[in-house]
Amino acid sequence: MEIEEKMAEKPKDWPMNAREMALEAVCEKVEEFRKNPSYKTREVLLSLVCNHDLN
């Protein structure tokens with residue numbers, strides 16, 4: 001017997017949960033670091049990644 005798993009799309013007007021907010025913050029800082037690779041942006045990015053377990 002096979003079990004199919006279907007992913008439902010979340011409506012666009014639903015608020016983000018804590019994991020989605022953390023991932024969004026990390027993604028924004030990655031883009032900022034790519035545009036401006038400095039010591040400050042690297043430290044902010046590293047602290048965000050270390051503070052959030054995104055597994």
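Visitor: How should one read the accessibility of C50: is this residue buried or exposed?

Guide: C50 has a relative accessible area of 66% and is therefore exposed, since exposed means over 50%. Please note that the model is a predicted one. The other value to set beside it is that of C27, which is partly exposed at 39%.

Visitor: How many disulfides does the structure hold?

Guide: A disulfide is a covalent bond joining the sulfur atoms of two cysteines. In this model the count is zero.

Visitor: What does the overall fold consist of, in helices and strands?

Guide: The protein has two helices and zero strands. Helix α1 covers residues 18-35, and helix α2 covers residues 39-51.

Visitor: What share of the residues is buried, and how much surface does the protein expose?

Guide: Of the 55 residues in the protein, 9% are buried. The exposed surface comes to about 5,500 Å², and 56% of that area is supplied by carbon and sulfur atoms.

Visitor: How does the span of helix α1 stand against the expected value?

Guide: The general idea is to set the distance between the first and last C-alpha against a rise of 1.5 Å a residue. Helix α1, with 18 residues, reaches 26 Å, close to the 26 Å expected.

Visitor: Which residue caps the N-terminal end of α1?

Guide: One looks for a side chain that meets a backbone nitrogen at that end of the helix. Here the cap is N17, with a side-chain oxygen 3.1 Å from the backbone nitrogen of R19.

Visitor: How many salt bridges does a search of the whole structure find?

Guide: The search finds three. The criterion is a side-chain nitrogen of Lys or Arg within 4 Å of a carboxyl oxygen of Asp or Glu. K29 and E32 form one of them, at 3.2 Å from N to O. R34 and E31 also meet in a salt bridge, at 3.2 Å. E43 pairs with R42, their closest N and O atoms being 3.1 Å apart.

Visitor: Where do K29 and E32 lie, and where do R34 and E31 lie?

Guide: K29 and E32 are both in helix α1, three residues apart, about one turn of the helix. R34 and E31 also both belong to α1, with a separation of three residues, again about one turn.

Visitor: Are the partners in these salt bridges buried, partly exposed or exposed?

Guide: Take each pair in turn. K29 is partly exposed at 26%, and E32 is partly exposed at 36%. R34 counts as exposed, with 60% relative accessibility, whereas its partner E31 is partly exposed at 38%. In the remaining pair, E43 is partly exposed at 32% and R42 is partly exposed at 36%.

Visitor: Let us turn to T41. In which helix does T41 lie, and does T41 count as buried or exposed?

Guide: T41 lies in helix α2. Its relative accessibility is 7%, so T41 counts as buried, the cut-off for that class being under 20%.

Visitor: Which residues does T41 touch, leaving aside those up to four places away in sequence?

Guide: T41 touches E32, F33 and N36. E32 has appeared already, as the partner of K29 in a salt bridge.

Visitor: What lies 3.1 Å from a polar atom of the T41 side chain?

Guide: That is the backbone oxygen of S38. T41 is thus a buried residue that has a polar atom of its side chain 3.1 Å from this backbone oxygen.

Terms used:
Residues numbered from 1 in each chain as written. Predicted model: local features only at pLDDT ≥ 70, side-chain atom pairs only at ≥ 80, totals over all residues. Heavy atoms only, no water. Helix = DSSP H or I, 4+ residues; strand = E, 2+ residues; numbered from the N terminus. Expected span 1.5 Å × (residues − 1). Polar contact = N/O pair within 3.5 Å; in protein donor to acceptor, adjacent residues only side chain to side chain. Buried < 20%, exposed > 50% of the residue type's maximum accessible area, 1.4 Å probe, protein only. Areas by Shrake-Rupley, 256 points an atom, 1.4 Å probe, with all protein chains shown as cover. Contact = heavy atoms within 4.5 Å. Disulfide = S-S within 2.5 Å.
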